[in-house]
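Welcome! Please take a look at the structure below, and then we will walk through its overall build, its surface and its charged pairs.

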Amino acid sequence: MPLTEEQRQEIAEQRSTPRPTLRAVSPGMERHLYAAHEVLDHGFVRVIDYMGDDSAIVQAARVSYGAGTKKSRDDSGLIRYLMRHWHSTPFEMCEIKLHVKLPVFVARQWIRHRTANVNEYSARYSILDREFYIPAPDQLAAQSTVNNQGRGEVLSGDEAARVLEYLKSDSLRAYDHYEAMLNQEGQQGLARELARMNLPANIYTQWYWKVDLHNLFHFLRLRADAHAQYEIRVYAETICRIVADWVPAAYGAFEDYRLGGAALSAKALDCVKRMLNGEKVTQETSGMSRGEWREFEALLSQ
């Protein structure tokens, strides 16, 4: 299960003892504080702490812009301006600390975003739980024929059943051997830091992940995208819902300009202008490669 009974009791205790504060708080985020949002079969995301809100972004921007900004643009409009023009430092005034439980292979994708502070559960010090990510049948897909790092059609029938059995049996056997190496009657037991190397990449780990809003938006732009791997995308989508309650104005601008927006190359922009002027543009006359043209057409058809 995603949460142990001990964790549930700890969360209930944390949420039942509010403390007065003079700092700015986000009512939307207060509803999420400490609570666990379940992800995949054993994972979760929960907010441990946060700093700042929409007003912190505005406050920082007006310090750098000087007097008079308040008169010319309201808070939401200023935030949209900052997002539209790729300003970053005002968004860095907000921070969030998350407790995340996730499969190791997802963690290895996640950690490539090197702009956060991370502290992971240590398998040198503690013994990992017998919990593995086993995909739902509708996530068992073949290799994509057009994308070297994506999925194609969903497996079915005997093939799907065979793959699921491999995943389950291999995970359990690896953990059985892990336990046996750690401690077996009549043996000293192998050091934890060595025994862990036999564990599969679908076992669950946990970490604390602290990041500012600017870098969090960059993470979400990539990982909440429809083309991102499903197993990390569902974590990103969960975080998106939390951030939307935390900084609604900033998230609205992010959703509009980043998640729902698109950047065009100079060639693509030229093609759009030519099309608006009534010209028929093809891949051969666009100046783009086949791959660029395919992506351009997909963008226009959305």
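Of the 302 residues in the protein chain, 38% count as buried; buried means under 20% relative accessible area, exposed over 50%, and partly exposed in between (1.4 Å probe, protein chains only). This is a predicted model, in which local features need pLDDT of at least 70 and side-chain atom pairs pLDDT 80 or more, while totals for chains, interfaces and linings use all residues. Residues are numbered from 1 along each chain as its sequence is written, and side-chain values use heavy atoms, leaving out hydrogens and water.

**Overall build**

The protein chain has 14 helices and 7 strands; these are DSSP runs numbered from the N terminus, with helices (H or I) of at least four residues and strands (E) of at least two. Its C-alpha trace spans about 80 × 60 × 30 Å along the principal axes. Among contacts with a separation of 6 or more, 68% are between residues 24 or more positions apart, where contact means heavy atoms within 4.5 Å.

**Surface**

About 17900 Å² of the protein chain is exposed, and carbon and sulfur atoms supply 50% of that area (Shrake-Rupley method, 1.4 Å probe; for residues, only the protein chains shown count as cover). Leu190, Leu194 and Met197 make a nonpolar surface patch of about 300 Å². Such a patch joins nonpolar side chains (Val, Leu, Ile, Met, Phe, Trp, Tyr) within 5 Å, from residues with over 30% relative accessible area and no salt bridge. Met197 sits in the loop between α8 (192-195) and β7 (204-212), and Met197 counts as exposed at 68% relative accessibility.

**Charged pairs**

The structure holds 13 salt bridges, each a side-chain nitrogen of Lys or Arg within 4 Å of a carboxyl oxygen of Asp or Glu. Three of these pairs are listed here, with their N to O distances.

| Salt bridge | N to O distance |
|---|---|
| Asp256 and Arg80 | 2.6 Å |
| Glu95 and Lys210 | 3.5 Å |
| Glu279 and Arg274 | 3.0 Å |

Asp256 lies in helix α11 (residues 248-259) and Arg80 in helix α5 (residues 75-84), so their salt bridge ties together parts that are 176 residues apart in sequence. Asp256 is partly exposed at 40% relative accessibility, and Arg80 is partly exposed at 26%.

How far apart in sequence are the parts tied together by Glu95 and Lys210? Glu95 belongs to strand β3 (residues 95-103) and Lys210 to strand β7, so the parts they tie together are 115 residues apart.

In the pair of Glu279 and Arg274, Glu279 is partly exposed at 39% relative accessibility, whereas Arg274 is buried at 17%. Salt bridges that share partners also join Arg130, Asp176 and Glu179 into one network.

How values were computed: Patch = residues over 30% accessible without salt bridge, like charges linked within 9 Å, V, L, I, M, F, W, Y side chains within 5 Å.
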